[in-house]
Amino acid sequence: MRLHRTVMTAITASLLVSASALAQQITGTPGSPSATTTIDGRQLPAPDPRFGGVIKEDALQSRPWWAPRIVPPKTAPNVLLIVTDDAGFGVPSTFGGVIPTPTMDSVAKEGLRYNRVFSTALCSPTRAALITGRNHHSAGFGVVSEQSTGFPGYNSVIGKDKVTIGRILLDNGYATSWFGKDHNTPAFAASQAGPFDQWPTGMGFEYFYGFVGGDSNQWQPNLFRNTTQIYPFLDKPPGTWNLVTAMADDAIDYMTRIHQTDPSKPIFIKYAPGATHAPHHPTKDWVDKISAMHLFDDGYEKLRERIFDNQKRLGVIPKDSKLTPWPKDMLKPWDELGAEEKKLFIRQVEVFAAYAAYNDHEIGRVIQQFKDLGKLDNTLIIYINGDNGTSAEGGPLGTPNEVAFFNGLSELPVAEQMKFYDVWGTEQTYNHMSAGWSWAFDTPFDWFKQNASRLGGVNQNMVVSWPARITDKGALREQFIHVIDVVPTILEASSIRAPEIVDGIKQAPIEGTSFLYTFDAQNAKVASRHKTQYFEMMGQWALYDDGWLLSTKVNRAPWQAFGVANPDPLNNQIFQLYDLRKDFTQADDIAAQYPTKVAEMRKKFVAEARKYNVFPLDASVAARLVTPRPSVTAGRTNFVYTRPMVGLPQGDSPSLLNTSYTITADIDVPEAGAEGMILTSGGRFGGYGFYLLKGKPVFLWNLVDLKRVKWEGADALTAGSHTLEFDFTYDGLGVGTLAFNNLSGLGRSGTGTLKVDGKAVQTIKMERTLPMILQWDESFDIGSDTLTGVNDDDYQPPFALTAKLNKLTIAIDRPQLSPQDIKTFEKAEAEALDGKPLRNVQPGPQ
């Protein structure tokens, strides 16, 4: 009874504190220019208050009255929410990694470390959950926007009933901002035609400095300030300007500007660097620092063992944790590699490690600015290492160009890659590392980003500090926490309630659970308040239920994105069961011992899936990249342009993949001759260009920087009017085959003909075409070329067109399946479903 009374007293006291914090707080004389007030927050924006002054017929007899300025509660902290990219549990030194991350170490020393923080296994799904407090399917991000489909859980549109933390804090008086990676703006709504409601500035973040896509060239990024594209790197010598530093500079400038304008205004910053997502683009000095440390000379297996030992020594994992076997059938053991392979792989990982260390250093500069402004004591810092596990999309061999992976080229020969050895990580590469390193950096777990059923894909780590609040400095917390728990934690910390109505729209409930209770030393060992959580990504799924974890066995490595998809991912699986209370690393499958538990948890997953928009399950991966979406080009086959324009993103521009098309340009050449870009899309790492080179017409396809197919006229154009035409006839059946779980219509051959004034000047057959995607962080440009060019040997951007462009037209003739084609594919699909179950297609190791 005494314990019961003690608990009840504590709960009552907590409720009284919460009620007090949420009570209206008014400063100054009501109606005066200096008056402020908090709001109850149930309705956003807050209703305008009634006029409290006096109005007579003349001003001298009247009394003015000003509505009070809305401010957060007095104790509300500044908030710095940091999330790095594609970094597994074993990356930072804070959690046993060999890569030095002194900033994260420092935050941990002043605050708390968390070893059971969970993501969704993929970039923008995690980020949607992070800013809304709802599960990723609830927020429309079952996958990244570039793979979105027309179902509520997968359309990459955050509903208006799921307002973000930015909007909530903004309407409660915070200054709100977002730096770095967005990836929550739909790929089909990223152009200057808008709408901008799904851009950061439309979701409650008053200031945005970053890129909207999934990744970006850090040397020449597709960079925006708010919704305007900017080019601060132009005219800078190669290797001297880098976004990792530039965004830290801009964040420091922003917070200083806000502080000097209104020192009392709390600041919320979402800080989302592109590191360590590919391309890995650190500065040379950081590469030199890491190389001199010789951290990786003994290979990825030894690295894994060293990290594992460090983690036990630091106490961030249990002493009895088990390390699962090395997947030698999938990733070649280090001692079986040749000398050239080892040399290349070490170069790859040193650049990755330099990127991680460089990023942590720049984060430290942002945190230091909070200190320099006298704000650090009341600043809540949440520093999450990785939005998912380490990426393996470079495949077993790595790649100098990640765009190649997304077009099915996942194992570029080492000899070919060695040509890029000296420029690895510079603007000449869009580089990724061998998946062997990725496996090691997910230690103590296994598998990678994309693998939602393995802890290597979803178990992140995090450090949190708040000097004014957290006194248990340097301690470890082991409660289960998911990224959906961040929003309710920030709201509780700031004593701001989740709104019920925003812009007249009733809000869906927050689905996360605040972990503010873990800040107190007396709660260090209490049970997690987040009891149940589903995971699902591209047909792989799991369910956490109060310590138990039901998992589907991995049947596809991340680089195996082009196979036939599992037609029944809900049931056509091998199920595994783990007791994470005893088995920290998911090493011991006990499904055979507990069949009843497996059946129970399968049913519970179905219930969770129905509740949170997870259905329909879809195991396809690459095929979803070319799924039709509601962009401004949807349904159009003819496009006309009459003047130069640049910056149209891939998701909103005409797609020339897997189709026949004709491009026609009517131009006037001046007496002095002409050169320059007529039309281009993509860039150095994949795309096409139609241009004049020393007066000669050229059409060029850049096949992911591995091969370039070039059509060129023999003679320079004479002065006067000319009609240039590039006609391409595609031999494949196109994207229609995807409806039958078949990729055979993609990336097929085709024949291109370049014509001048109606006369063919060159015809070339391409045996293979790009099946999936151009370089996504480069745009569709007319009249010049922004960022990188499609052929450095021919020109350097901007390569402005010196001829007069009168008219540019694009006519697209997409293949259509015949009735016989449809019958053939239906028969093949039925046979696959009935006679050849796809259980564990492309199996990988445990």
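Reader: How many salt bridges does the count give between domain 2 and domain 3?

Author: In this predicted model, the chain is divided into domain 1 (22-71), domain 2 (79-526) and domain 3 (633-817). A salt bridge requires a side-chain nitrogen of Lys or Arg within 4 Å of a carboxyl oxygen of Asp or Glu. Between domain 2 and domain 3, the number of such salt bridges is zero.

Reader: How many residue pairs are in polar contact across the interface of domain 2 and domain 3?

Author: A polar contact is a pair of N or O atoms within 3.5 Å, one able to donate a hydrogen and the other to accept it. Applied across the interface of domain 2 and domain 3, with both residues at pLDDT 80 or more, this rule yields a number of residue pairs equal to 10.

Reader: Which helix supplies the largest share of the side of domain 2 that touches domain 3?

Author: The residues on this side of domain 2 divide into 14 nonpolar, 10 polar and three charged. Three residues of that side, the largest share, come from the helix at residues 402-405, namely H9.

Reader: Which three residues supply 23% of the area that domain 2 buries against domain 3?

Author: The centres of domain 2 and domain 3, taken over C-alpha atoms, are separated by 35 Å. The contact takes 27 residues from domain 2 and 23 residues from domain 3. Together the two domains bury about 2,100 Å², of which 59% is on carbon and sulfur atoms. Of the area that domain 2 buries, 23%, more than any other three residues supply, comes from Gln 220, Val 403 and Asn 407.

Reader: Which residue caps the N-terminal end of H5?

Author: Helix H5 (residues 243-261) has 19 residues and spans 26 Å from its first C-alpha to its last, close to the 27 Å expected at 1.5 Å a residue. At its N-terminal end, a side-chain oxygen lies 2.9 Å from the backbone nitrogen of Val 244, and this oxygen belongs to the capping residue, Asn 242.

Reader: What is the value of phi for Asp 235?

Author: Most residues other than glycine have a negative phi. Asp 235, found in the loop between strand S10 (228-230) and H5, has a positive phi, near 70°.

Reader: What is omega for the cis peptide bond from Thr 443 to Pro 444?

Author: Most peptide bonds are trans. A cis bond joins Leu 44 and Pro 45, with omega about -10°. Pro 444 lies in the loop between helix H11 (435-441) and helix H12 (455-458). The bond from Thr 443 to Pro 444 is cis, with omega near 15°.

How values were computed. Residues numbered from 1 in each chain as written. Heavy atoms only, no water. Domains from an automatic or database assignment. Contact = heavy atoms within 4.5 Å. Buried area = accessible area lost by both parts, 1.4 Å probe. Helix = DSSP H or I, 4+ residues; strand = E, 2+ residues; numbered from the N terminus. Nonpolar A, V, L, I, M, F, W, Y, C, P; charged D, E, K, R; others polar. Expected span 1.5 Å × (residues − 1).
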